[in-house]
Amino acid sequence: MDFGGLIKQLESNRHLAGHIRTARFAKAAQIIKQGEICKDVIFLRKGLAQMSYVTFEGKEWIKSFFAENAVMGSRRCQITGEPSHFAITCLEDCEVTAFPYDKLRLAAAENADLLAVFFDFNEQVSLRKEKREYEFLCLSAQDRYQGFIEEYANIVPRLTQAQIASFIGITPIALSRIRKRLRQAESLGVAGAQ
């Protein structure tokens, strides 16, 4: 999707004019804080960020990664006005453009092309969520790791092993064991040894 073109289209919309904000965040800054309300739709123009939950015990679980040209935000905040259950944290310096969700929704209601983009985005979010749930409920940790490496090949070099482990729901030690097992299987010519 051409987000540059889409943002230009949105900037000229009467509902959004004057409500569009661009911001820069340093590495480790939070774009959305867990427990706070952010009703914006956020376009990541530059950088890398993660969406994560922190449990009451202080354990962090990464739900998603976002790289350039991704769309971020809390549907809970946007739709219900309730606080976000997660944080979005910059893994690199980031540049974003933000639009208020309610204004974007008004703009989409009046523009068939924008409504189609809005609808397509919601479908993509639903598909990603369903895929992620399936992976956690039905796949082994090794299968989740291999799927992650394939799907996120473009950002893997920008991530730590601890971040990858958190995303697939295991400890860094368990990930080291999986990686060792896969290297051994590869050296023996055995595909995907469990």
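**Figure 1. Seven helices and eight strands make up the secondary structure of the chain.** The model is predicted. Along its principal axes, the C-alpha trace spans about 60 × 35 × 30 Å. The chain has 194 residues, and 38% of them count as buried. Its accessible surface comes to about 11,200 Å². Carbon and sulfur atoms account for 54% of that surface. Contacts between residues at least 6 apart in sequence were also sorted by separation. Of these, 71% join residues at least 24 apart.

**Figure 2. Helix α5 packs against helix α6.** Helix α5 covers residues 141-151, and helix α6 covers residues 161-168. Their axes lie 10 Å apart and meet at an angle of about 120°. Because of that angle, α5 is oblique to α6. The crossing of α5 past α6 is right-handed.

**Figure 3. Residues of α5 and α6 at the helix contact.** From α5, the contributors are Ala-141, Arg-144, Tyr-145 and Phe-148. From α6, they are Ile-164, Phe-167 and Ile-168. Six of the residues in this contact are nonpolar and one is charged. No polar residue takes part.

**Figure 4. Asp-40 and its surroundings in strand β3.** Strand β3 runs over residues 40-46. Is Asp-40 buried or exposed? Its relative accessibility is 14%, so Asp-40 counts as buried. Residues up to four places away in sequence are left out of the contacts that follow. Asp-40 touches Arg-21, Met-72, Gly-73 and Gln-78. Asp-40 also touches Ala-98, Phe-99, Pro-100 and Tyr-101. A further pair gives a sense of scale. Asp-40 and Ala-70 are 30 residues apart in sequence. From C-alpha to C-alpha, Asp-40 and Ala-70 are 14 Å apart in space.

**Figure 5. Thr-89 and its contacts in strand β7.** Strand β7 takes in residues 87-90, Thr-89 among them. Thr-89 has a relative accessibility of 13% and therefore counts as buried, the cut-off being under 20%. Which residues does Thr-89 contact, leaving aside neighbours within four places in sequence? They include Ala-28, Ala-29 and Gln-30. Leu-48, Ala-49 and Gln-50 are also in contact with Thr-89.

Methods: Residues numbered from 1 in each chain as written. Predicted model: local features only at pLDDT ≥ 70, side-chain atom pairs only at ≥ 80, totals over all residues. Heavy atoms only, no water. Axes fitted to C-alpha atoms, helices over the stretch in contact; angles between N-to-C directions. Helix = DSSP H or I, 4+ residues; strand = E, 2+ residues; numbered from the N terminus. Parallel < 35°, antiparallel > 145°, perpendicular 65-115°, else oblique. Left-handed = near helix turned anticlockwise from the far one by under 90°. Contact = heavy atoms within 4.5 Å. Nonpolar A, V, L, I, M, F, W, Y, C, P; charged D, E, K, R; others polar. Buried < 20%, exposed > 50% of the residue type's maximum accessible area, 1.4 Å probe, protein only. Areas by Shrake-Rupley, 256 points an atom, 1.4 Å probe, with all protein chains shown as cover.
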